[in-house]
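Opening a fresh page for this one. I want to go through the fold, the sheet and the packing in turn.

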Amino acid sequence: MKRKRKRLTIIAGGLTFLGAAAGLTFYALGEKSSYFYMPADLTTASIAPGQRIRLGGLVEEGSVERGSGTRVAFGVEDGAGKVKVVYDGILPDLFREGQGVVTEGTLGGDGVFVADSVLAKHDETYMPKEVADSLKAQGVWQPE
């Protein structure tokens, strides 16, 4: 094999390897992605059963119900819609009614969101950008 042909073969093999590695990486990341929704968005969204999503909004006043053990049920609202959330785990210290929250999990067929993680805002001025933008657009939340 000539030197030039050998070099082209090595370059083509390297590019094929890099292409396959990039394709597998994007496929794996696509499988792990979870889309962000507000409660009002869930009425129009077509979500497949078992699809992981993120739900964000404000914890509804008077909706927190503590069950046995670490089971908690609460409502998430955005002014235009409400969704009941069920979570079995330890809530963040800053979780309380009227505060911004982002939950991750799946939406059940009965319309109840089953969360496996709950994130609460961590200081007086922080709220996730997607939640803040949506709540501002609806006139529900104004930064302090």
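My entries below go from the whole chain down to single residues.

**Entry 1: overall layout**
I'm working from a predicted model, so side-chain atom pairs are counted only at pLDDT 80 or more. I looked up the secondary structure and got two helices and seven strands. Read from the N terminus, the order is α-β-β-β-β-β-β-β-α. The chain has 144 residues, and 33% of them are buried. I also pulled the accessible surface: about 9500 Å², with 56% of that belonging to carbon and sulfur atoms. For contacts between residues at least 6 apart in sequence, I noted that 50% join residues at least 24 apart.

**Entry 2: who pairs with S2**
I went to strand S2 (52–59) and listed its partners. S1 pairs with S2 in the parallel sense, over three bridges; I noted Tyr37 with Leu55 as bridge partners there. S6 pairs with S2 in the antiparallel sense over seven bridges. One place to see this is Ile53, which stands opposite Gly105 of S6; Leu58 has Gly100 as its bridge partner in S6. S4 also runs antiparallel to S2, and two bridges join them. On that side I found Val59 opposite Val76. How many of the eight residues of S2 are buried? I got six, so I wrote S2 down as mostly covered, taking buried as under 20% relative accessible area.

**Entry 3: S6 and its hairpin**
S6 (100–107) came next. S6 is mostly covered, with six of its eight residues buried. S6 and S7 run antiparallel and are joined by seven bridges. Glu104 has Ser117 of S7 as its bridge partner. Five residues lie between the two strands of this hairpin, and I flagged Gly111 for its positive phi near 85°.

**Entry 4: the largest core**
A general reminder to myself: in soluble globular proteins, nonpolar side chains tend to be buried together. The largest nonpolar core here has 19 residues. Leu42, Leu55, Phe74, Val85, Phe95, Phe113 and Val118 are the members that touch the most others. I then checked where the core residues come from: S2, S4 (71–77), S5 (82–88) and S7 (113–120) each supply at least two. Which strand gives the largest share? That is S7, with four residues.

I listed the contacts of Val85, leaving out residues up to four places away in sequence. Val85 touches Leu55, Val72, Ala73, Phe74, Val76, Thr103, Phe113 and Ala115. Apart from the largest core lies another one, of five residues, including Leu58, Val102, Val131 and Leu135.

**Entry 5: helix H2**
H2 covers residues 129–138, and its buried residues are Val131, Ala132, Ser134 and Leu135. I looked up what covers them, and the list includes S1 (35–37), S2 and S6. Val131 and Leu135 turned up already, as members of the five-residue core.

**Entry 6: helix H1 and a patch outside**
Last stop was the surface. Ile11, Leu15, Phe17 and Leu18 make a nonpolar patch of about 450 Å². Leu15 sits in helix H1, residues 3–32. Is Leu15 buried or exposed? The relative accessible area of Leu15 is 57%, and the cut-off for exposed is over 50%, so I logged Leu15 as exposed. For reading a helix face, I keep in mind that an α-helix has 3.6 residues a turn, so residues three or four places apart point the same way.

Definitions and conventions
Residues numbered from 1 in each chain as written. Predicted model: local features only at pLDDT ≥ 70, side-chain atom pairs only at ≥ 80, totals over all residues. Heavy atoms only, no water. Core = buried A, V, L, I, M, F, W, Y, C linked by side-chain atoms within 4.5 Å. Buried < 20%, exposed > 50% of the residue type's maximum accessible area, 1.4 Å probe, protein only. Contact = heavy atoms within 4.5 Å. Patch = residues over 30% accessible without salt bridge, like charges linked within 9 Å, V, L, I, M, F, W, Y side chains within 5 Å. Areas by Shrake-Rupley, 256 points an atom, 1.4 Å probe, with all protein chains shown as cover. Salt bridge = Lys/Arg side-chain N within 4 Å of Asp/Glu carboxyl O. Pairing = 2+ DSSP bridges.
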